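Here is an informal walk through one protein chain. Have the sequence and the 3D view open as you read.

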Amino acid sequence: MIKICLCLWLLLGLVGCDSSHEEISVMMPSGAPSLAHIEIEYDLYSRGIHPQNDIVFGADPLLSAFQNETHDVIIGPFNLGINMIEQARKPYQLAAVITWGNLLMVSHETLTDLEDLNGKELVMFGESSMPDFTVQALLDAVDFDQPPSMQYVDSLDMAVAKVQADENVIALVAEPRASVLLKQNPDLYVLDIQTMWESYFDMAGYPQAAVFVHRTLSDDVVKAYLTQLK
């Protein structure tokens with residue numbers, strides 16, 4: 001019994017003395033960015049960096065975080081962060097792009113090109129954020145007889161739910177949630193927004209999510225953090 005107590009005392013002493021770490025506050029949207037971040041957290045802890053994560057839905061919490069400078073690291077839409085830096089002069093800097101094109105348009109009807117969206121209503125998530133801007137840019141490049149209309153929903157999960165509930169719905173979805181949807185509904189037609197972007201604009205891709213770090217964060221922590229993201 002004495003030996004057990006001694007071992008526990010030593011263990012607690014070791015844990016209590018391990019204060020050589022730095023906590024950083026991180027905000028990120030749910031979905032691909034948060035899943036990518038989970039994969040690196042063990043390595044971050046091993047380097048003495050303890051992220052305190054806030055996973056949020058929609059662009060409003062991310063916008064508020066930029067405006068109020070509440071987090072050391074913000075993972076969010078590329079365009080939102082750039083606007084906050086260049087227009088609002090917030091003291092963040094672009095550190096890395098972690099998610100490139102991951103958007104798909106899905107439909108129960110034939111869908112092979114953007115022209116098939118003529119006169120259709122599209123269920124969209126991410127209003128006034130990168131997914132919205134990306135699709136709008138593509139639609140502007142097409143000479144529609146009757147341009148598609150937009151119905152915005154609050155989240156990716158709501159867009160997925162509408163596709164599953166109504167066979168007349170055409171919706172924008174994103175990985176990794178899209179893979180689950182397509183596995184459950186293998187008959188859905190898919191239009192890859194990344195492929196469309198390359199076809200219409202002759203560009204390799206478009207950035208979706210990026211890492212923005214506050215300028216008060218030490219260079220050593222930033223370097224260690226970015227090393228794990230690569």
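What follows covers confidence, salt bridges, nonpolar cores, one proline and the largest pocket.

## How far to trust it

This is a predicted model. The mean pLDDT of the protein is 84, with 90% of the residues at 70 or more. Among the elements, strand β6 (residues 121-124) has the highest mean pLDDT, at 97, while helix α1 (residues 2-17) has the lowest, at 38.

The N-terminal stretch deserves some caution. Over residues 1-18 the pLDDT is below 50, and beyond near neighbours in sequence this stretch has zero contacts in the model. Where pLDDT is low, the predicted coordinates should not be read in detail.

## Two salt bridges

How many salt bridges does a search of the whole structure find? The search turns up two. In one, the side chains of K120 and E109 meet, at 3.3 Å from N to O. Both partners sit in the loop between β5 (103-107) and β6, 11 residues apart. K120 counts as partly exposed because its relative accessibility is 29%, between the 20% and 50% cut-offs. E109, at 37% relative accessibility, is partly exposed too.

The other bridge pairs D157 with R177, and here the closest N and O atoms are 3.4 Å apart. This one links two helices: D157 belongs to α6 (residues 156-165) and R177 to α7 (residues 177-184), with their positions 20 residues apart in the chain. D157 has a relative accessible area of 44%, so it falls in the partly exposed class. R177 is also partly exposed, at 25% relative accessibility.

## The nonpolar cores

In soluble globular proteins, nonpolar side chains tend to be buried together. The largest nonpolar core here has 35 residues, and the members that touch the most others are M105, L117, L172 and V173. Which elements each supply at least two residues of this core? They are β5, β6, α5 (130-140), α6, β8 (170-174), α7 and α8 (193-201). Strand β8 gives the largest share, five residues.

M105 is a handy place to start looking around. Leaving out residues up to four places away in sequence, M105 touches a set of residues that includes L111, L117, L122 and V135. Its contacts also include I170, A171 and L172, as well as Y189, V190, L191 and I193. There is also a second, separate core of 17 residues, with L44, V73, I75 and V211 among them.

## A proline in β2

Now jump to P51, which is found in strand β2 (residues 49-56). Is P51 buried or exposed? At 6% relative accessibility it counts as buried, because that is under 20%.

Not counting residues up to four places away in sequence, P51 touches I24, V26, H37, E41, L44 and Y45. One of these contacts, L44, is also a member of the second core. For a sense of distance, the C-alpha atoms of P51 and L104 are separated by 31 Å, and the two residues are 53 apart along the chain.

## The largest pocket

The largest pocket has a volume of about 810 Å³. Its lining has 37 residues, and the closest to the pocket centre are P29, S30, G58, F125 and G126.

Several elements contribute to the lining: α2 (32-46), α3 (60-68), β3 (73-77), α5, α6 and β10 (207-214) each supply at least two residues. Helix α3 provides the largest share, three residues. Of these elements, α5 and α6 also appear in the list for the largest nonpolar core.

How values were computed
Residues numbered from 1 in each chain as written. Predicted model: local features only at pLDDT ≥ 70, side-chain atom pairs only at ≥ 80, totals over all residues. Heavy atoms only, no water. pLDDT = per-residue confidence, 0-100. Helix = DSSP H or I, 4+ residues; strand = E, 2+ residues; numbered from the N terminus. Contact = heavy atoms within 4.5 Å. Salt bridge = Lys/Arg side-chain N within 4 Å of Asp/Glu carboxyl O. Buried < 20%, exposed > 50% of the residue type's maximum accessible area, 1.4 Å probe, protein only. Core = buried A, V, L, I, M, F, W, Y, C linked by side-chain atoms within 4.5 Å. 1 Å grid on protein atoms, 1.4 Å probe; cavity = no way out; pocket = protein on both sides within 12 Å on 5 of 7 lines; lining within 4 Å. Points joined across faces, edges and corners; volume = space filled by probe spheres on them.
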